[in-house]
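Here's my note to go with the model you're looking at. Keep the 3D view open and turn it as you read, point by point.

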Amino acid sequence: MTEFLVDMSEEEAADLAFMAEFLASLLLTPPDRDCLQALRSMQGQVSLGRIGGYLGEETAVDAIRQILTAGSAEEVAVSLERRHTALFEGIFRQRSLPPYASAWDGTGRLCGPAVGRMQQILRDLDIHLEGTSEMPDHIGIQLATLAEALRRGRPDIAARLLDELDWCARFGAALIKADDTGFYGALARLVLAFKTLMTADEAAAQPLHDPATARI
């Protein structure tokens with residue numbers, strides 16, 4: 001367990017939980033019209049800017065902002081939904097990037113041992129997955145569970161989840177290669193920066209501040 005996890009304040013934990021949940025939501029499902037409207041609002045733009053600054057990924061956030069405003073909310077929603085399907089499900093399975101730990105952890109198959117480990121973590125947090133058919137080793141489920149561990153002040157479980165997320169380095173690199181200038185390529189850069197931050201030994205130099213107004 002890193003010093004960062006042990007020593008973080010409640011405010012830092014809340015900020016990091018917010019970012020983990022934000023990234024999880026966009027990876028689990030493409031943003032719908034309402035979500036896009038929120039992201040395009042003044043508050044949404046400010047929140048994105050703060051996340052970019054916190055993670056040192058301002059360029060990635062600028063790319064996301066440009067994509068979010070490249071047409072009406074309906075047009076952008078359709079475009080991102082198609083891209084989400086193409087990247088993570090794919091017409092041709094061998095060309096897609098399954099967002100599951102089991103596909104990237106060397107076991108060579110879906111529903112591998114990572115699923116069982118995640119189920120144990122969910123039980124340890126007394127979390128029951130509802131409203132999703134995704135397997136618990138989906139990157140979005142892992143990030144959302146990390147957010148919950150941070151909110152509950154469980155650095156021990158947060159550390160286990162960060163170990164489980166080791167695979168996201170390979171997944172993120174592949175996603176950036178496949179969608180270099182796209183929304184999900186930029187999102188992958190934020191995920192990798194977030195993981196790097198969470199496994200550092202020291203807290204970020206620039207706190208997010210004022211989380212109440214930073215929420216999207």
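**Notes on two loop residues and two helix pairs**

1. Start with Asp126, which is exposed, with a relative accessible area of 54%. Keep in mind as you look that this is a predicted model. Why does Asp126 count as exposed? Because its 54% is over the 50% cut-off.

2. Where does Asp126 sit? Look in the loop between α7 and α8. Check its backbone too: Asp126 has a positive phi of about 55°, although it is not a glycine.

3. Now hop to Cys111, in the loop between α6 (73–88) and α7 (113–124). Here again phi is positive in a residue other than glycine, with a value near 60°. Is Cys111 buried or exposed? Neither label fits: Cys111 is partly exposed, at a relative accessible area of 46%, because that category covers what lies between under 20% and over 50%.

4. On to the helices. Two packed helices are described by the angle between their axes and the distance between the axes. Take α2 (residues 10–28) and α8 (residues 139–151): their axes come within 8 Å and cross at roughly 160°. That makes α2 roughly antiparallel to α8, since angles over 145 degrees count that way. The crossing of α2 past α8 is left-handed.

5. Which residues make this contact? From α2 come Ala13, Leu16, Ala17, Phe18, Ala20, Glu21, Leu23, Ala24, Leu27 and Leu28. From α8 come Ile139, Gly140, Ile141, Leu143, Ala144, Ala147, Leu150 and Arg151. Sort the residues of the α2 and α8 contact by type and you get 15 nonpolar, one polar and two charged.

6. Helix α8 has another partner to look at, helix α9 (residues 155–164). The axes of α8 and α9 come within 9 Å and cross at roughly 160°, and the two helices are therefore roughly antiparallel to each other. The handedness of the α8 and α9 crossing is left-handed.

7. For the α8 and α9 contact, α8 brings Gln142, Thr145, Leu146, Ala149 and Leu150, while α9 brings Ile157, Ala158, Leu161, Leu162 and Glu164. How many of the residues in this contact are nonpolar? Seven are, alongside two polar and one charged. Try finding Leu150 in the viewer: this α8 residue is listed in the contact with α2 and also in the contact with α9.

Technical notes
Residues are numbered from 1 along each chain as its sequence is written. This is a predicted model: local features need pLDDT of at least 70, side-chain atom pairs count only at pLDDT 80 or more; totals for chains, interfaces and linings use all residues. Side-chain values use heavy atoms; hydrogens and water are left out. Axes are lines fitted to C-alpha atoms, for helices over the stretch in contact, and angles run from 0 to 180 degrees between N-to-C directions. Helices (H or I, at least four residues) and strands (E, at least two) are DSSP runs, numbered from the N terminus. Angles under 35 degrees count as roughly parallel, over 145 as roughly antiparallel, 65 to 115 as roughly perpendicular and the rest as oblique. A crossing is left-handed if the near helix is turned anticlockwise from the far one by less than a right angle, and right-handed if clockwise. Contact means heavy atoms within 4.5 Å. Ala, Val, Leu, Ile, Met, Phe, Trp, Tyr, Cys and Pro count as nonpolar, Asp, Glu, Lys and Arg as charged, and the others, Gly among them, as polar. Buried means under 20% relative accessible area, exposed over 50%, partly exposed in between (1.4 Å probe, protein chains only).
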